[in-house]
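Hi,

Here is the structure I promised to pass on. Have a look at it first, and then read on for what turned up when I went through it.

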Amino acid sequence: MSLDPVTRWRLILGEAAESACAGAGCALSGEAAAMDQALDWLYGRDADGTARGERRQGGREGSTLTVPGWINAVHTLFPRETIERLERDAIELYAIDDVVTNPEVLARVAPNETLLKAVLRTKHLMAPDVLVMARKLVQEVVRQLMERLARDLAVAFSGVLDRRRHTRLPGARDLDLNRTIRDNLRHYDPESRRITVERLHFFARNRRQMRPWQVILLVDQSGSMLDSVIHASVMAACLWKLPGIRTHLVAFDTAVVDLTRDCDDACELLMKVQLGGGTDIGGALGYAAGLIAAPERAIVVLVSDFYEGASEAALVAQVRALSGQRTRVLGLAALDSAARPAYDRAMAQRLVAAGAEIAAMTPGELAGWLAAAIRS
């Protein structure tokens, strides 16, 4: 259903639409008309996702935008936040794959998670030169994700606060507020009633020497788990760099693919993921069991929606065997920024009864859980 200009602009720009078009049916010209044309190209589509202009067989209408032309228009006309919304809607709502398979478009788009997911879904359609450009997009988004997760891991695996010792290394969580105020009282200004802080003091942290641990990430690579696949790969790459933790990453559908040797390169991990296929969770857990060196210092993180395509009894038996040897089994129905799972709840309950822990976590929450499990 086609929307009038004011409605369309309000959906995308919010209150800013009022200044661009004061009432329904208003005449648009210049930049405002160009903006409306760009919005109409996307949101004026038929139910099957076809742009109205693509159905024209002649006539005197203005020229229709192409995908590269549309991308160039929105990058010229709109603010960054609106550009990201438009690009996301083009992919998620209208499945316009040209956004990530056209080299002209890839050269212009701003890397973000939505585009990363689109690349992973369509990389098999890409010509070699386009795949090179897509890989650069993947590298940039992975770099952004790793920066955020590295901070969470640093906090989670930092030592216990020691209020008897201080350090020169700054950290907001470690601020010794009382000593900082005391040492800066001489800089108190009675008129403004403020203290000028010239020196901060921070508590030190005790870092225990950890006994080596194994963390095995088992990732279901069915299409519905794409968000979790992305964040599990980034998690594996970050854990790989931590001392005292031996990390494995294993992707599975009906077959098992051990990606551990690529754990130092999250981009390479993601480019090797093959989405789709059936699911044999029990088989993947059996493979993980064969990797374990010291059962009591091993953690198996199963990232899956728990819809088992093979033997459910074998899956439950594998979890019971791992738990029986005192290996921690954490089943994650979602591992992404939203942690909103869709999963087989009946199977999840059976796995809990067999000794697993089931949750949905953000990557930061998983970092905290792993740190707590390793310290316990």
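In helix 3, the buried residues are A32, M35, D36, A38, L39, W41, L42 and Y43. Keep in mind while you look that this is a predicted model. Helix 3 itself runs over residues 30-43, which gives it 14 residues. From first C-alpha to last it reaches 20 Å, close to the 20 Å expected at 1.5 Å a residue.

Next, have a look at S233, which sits in helix 11 (residues 226-239). Is S233 buried or exposed? Its relative accessibility is 3%, and because the cut-off for buried is under 20%, S233 counts as buried. What does S233 touch, apart from its neighbours within four places in sequence? The answer is L249, A266, L269 and L270. The side chain of S233 also has a polar atom 3.0 Å from the backbone oxygen of V229.

Now the salt bridges. A search of the whole structure turns up 6 of them, and three are worth going through here.

Start with E140 and R143, which form a salt bridge with their closest N and O atoms 2.5 Å apart. Both residues lie in helix 9 (residues 128-156), 3 residues apart, or about one turn of the helix. Why does that spacing suit a pair? An α-helix has 3.6 residues a turn, so residues three or four places apart point the same way. Side chains of opposite charge can then pair when their charged atoms come close. As for accessibility, E140 is partly exposed, with a relative accessible area of 25%, and R143 is partly exposed too, at 38%.

Helix 10 (residues 177-183) has a pair of its own: D183 and R179 both lie there, 4 residues apart, again about one turn of the helix. Their side chains meet in a salt bridge at 3.9 Å, N to O. D183 has 26% relative accessibility, so it counts as partly exposed. R179 is partly exposed as well, with a relative accessible area of 27%.

The last pair is E357 and R328, whose side chains meet in a salt bridge at 3.0 Å, N to O. Which parts of the chain does this pair link? They are distant ones: E357 is in strand 10 (residues 357-361) and R328 is in strand 9 (residues 328-335), with the two positions 29 residues apart in numbering. E357 counts as partly exposed at 32% relative accessibility, and R328 does so at 28%.

On the surface, there is a nonpolar patch of about 670 Å² made by L175, L177, I181, L185, Y188, I195, V197 and L200. To find L200, go to the loop between strand 3 (194-195) and strand 4 (202-206). L200 has 47% relative accessibility, so it counts as partly exposed.

One more spot to click on is P363, in helix 16 (residues 363-375). At 12% relative accessibility, P363 counts as buried. P363 and A338 are 25 residues apart in sequence, and their C-alpha atoms are 9.8 Å apart in space.

That's it from me. Shout if anything is unclear when you open it up.

Cheers

Methods:
Residues numbered from 1 in each chain as written. Predicted model: local features only at pLDDT ≥ 70, side-chain atom pairs only at ≥ 80, totals over all residues. Heavy atoms only, no water. Buried < 20%, exposed > 50% of the residue type's maximum accessible area, 1.4 Å probe, protein only. Polar contact = N/O pair within 3.5 Å; in protein donor to acceptor, adjacent residues only side chain to side chain. Contact = heavy atoms within 4.5 Å. Patch = residues over 30% accessible without salt bridge, like charges linked within 9 Å, V, L, I, M, F, W, Y side chains within 5 Å. Areas by Shrake-Rupley, 256 points an atom, 1.4 Å probe, with all protein chains shown as cover. Salt bridge = Lys/Arg side-chain N within 4 Å of Asp/Glu carboxyl O. Expected span 1.5 Å × (residues − 1).
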